[in-house]
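Reader: I have a new model open on my screen and would enjoy walking through it with you. Shall we start?

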Amino acid sequence: MRRSLQSICGLLFLALLAPVAVQAGEDALPAPLVSFSAEYSLSHGYLELARVKVTLDIAVDGGYRYSALTSPVGLTAMIRNDVISEISSGRLGADAVIPNNYVYRHQNSGKPRLVELEFDWEQGR
């Protein structure tokens, strides 16, 4: 289940931040990203296992903040109390999302995990 939640969060992140091309004659222009918030349910049959809240905030100055919070619900929460959070912030370029940092935190599990990434685009790292 842990790997499934990580995969779902990662795929949501990529899908939400990938540039979308809109066909305008022969020129393809990237569609602008807009702020949104959504909640998703992860279930197996009729059993709801977890919920994911995904938020993307776009600032007027071209900055963005993406966050996802995954937590177990119902019977799953009685067995596992893992909480997975992801946060990324950066800016929107003309045709790309340019992250400044990314934090992945898996708490309350047998193997807590923290990944923090800082991007230095001027130095190429």
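**A walk through the predicted model**

Reader: Let's begin with S85: in which strand is the place of S85?
Author: Happy to start there, with the reminder that this is a predicted model. Following the chain to S85 brings us to a strand that covers residues 83-92. The place of S85 is therefore in strand 6.

Reader: Does S85 count as buried or exposed?
Author: The relative accessibility of S85 is 14%. Buried means under 20%. S85 therefore counts as buried.

Reader: Which residues is S85 in contact with, leaving aside its neighbours within four places in sequence?
Author: Two of these residues are A68 and L69. The others are V103, Y104, R105 and Q107, and strand 7 spans residues 97-107. The full list is A68, L69, V103, Y104, R105 and Q107.

Reader: In what sense do strand 6 and strand 7 pair, and over how many bridges?
Author: The two strands form a hairpin, with 4 residues between them. Within this pairing, I84 stands opposite H106. The sense is antiparallel, and the count of bridges is 10.

Reader: Strand 7 also pairs with strand 8; over how many bridges?
Author: Strand 8 covers residues 113-118, and its pairing with strand 7 is antiparallel. Here Y102 in strand 7 stands opposite L117 in strand 8. The number of bridges is 6.

Reader: Which residue in the turn between strand 7 and strand 8 has a positive phi?
Author: These strands form a hairpin, and 5 residues lie between them. In that turn, a phi of about 65° is found. The residue is N108.

Reader: What does N81 touch, not counting residues up to four places away in sequence?
Author: N81 is found in the loop between helix 2 and strand 6. With a relative accessible area of 45%, N81 is partly exposed. N108, the turn residue with the positive phi, is one of the residues that N81 touches. The complete set is P72, Q107 and N108.

Reader: How many Å apart in space are N81 and S71, C-alpha to C-alpha?
Author: In sequence, N81 and S71 are 10 residues apart. In space, the C-alpha to C-alpha value is 7.3 Å.

Reader: Which residue does R80 meet in a salt bridge?
Author: The salt bridge joins side chains at 2.7 Å, N to O. R80 counts as partly exposed at 30% relative accessibility, whereas its partner counts as buried at 11%. That partner is D82.

Reader: And how many salt bridges does the count come to?
Author: Besides R80 with D82, the side chains of R51 and E48 meet at 2.8 Å, N to O. R51 is partly exposed at 41% relative accessibility, and E48 is partly exposed at 24%. The count comes to 2.

Reader: Which helix gives the most to the nonpolar patch on the surface?
Author: The patch is formed by L47, L75, M78 and I79, which together have about 480 Å² of accessible area. L75 counts as exposed at 53% relative accessibility. The main giver covers residues 74-79 and supplies 3 residues. That element is helix 2.

Reader: Why is the pair of F119 and W121 stacked?
Author: The count comes to 1 aromatic pair. The rings of F119 and W121 have their centres 5.7 Å apart. F119 is partly exposed at 30% relative accessibility, and W121 is partly exposed at 47%. The pair is stacked because planes under 30 degrees apart count as stacked, and here the planes are at 10°.

Reader: Stepping back, how many helices and strands does the secondary structure of the protein chain come to?
Author: From the N terminus on, the elements run α-β-β-β-β-β-α-β-β-β. The secondary structure comes to 2 helices and 8 strands.

Reader: What percentage of the accessible surface of the protein chain belongs to carbon and sulfur atoms?
Author: Of the 125 residues in the protein chain, buried residues make up 30%. The accessible surface comes to about 8,400 Å². The part that belongs to carbon and sulfur atoms is 57%.

Reader: Last one: among contacts between residues at least 6 apart in sequence, what percentage join residues at least 24 apart?
Author: Contact here means heavy atoms within 4.5 Å. For the protein chain, the percentage is 32%.

Terms used:
Residues numbered from 1 in each chain as written. Predicted model: local features only at pLDDT ≥ 70, side-chain atom pairs only at ≥ 80, totals over all residues. Heavy atoms only, no water. Patch = residues over 30% accessible without salt bridge, like charges linked within 9 Å, V, L, I, M, F, W, Y side chains within 5 Å. Areas by Shrake-Rupley, 256 points an atom, 1.4 Å probe, with all protein chains shown as cover. Salt bridge = Lys/Arg side-chain N within 4 Å of Asp/Glu carboxyl O. Buried < 20%, exposed > 50% of the residue type's maximum accessible area, 1.4 Å probe, protein only. Pairing = 2+ DSSP bridges. Phe/Tyr/Trp six-rings, centres within 6.5 Å; stacked < 30°, edge-to-face > 60°.
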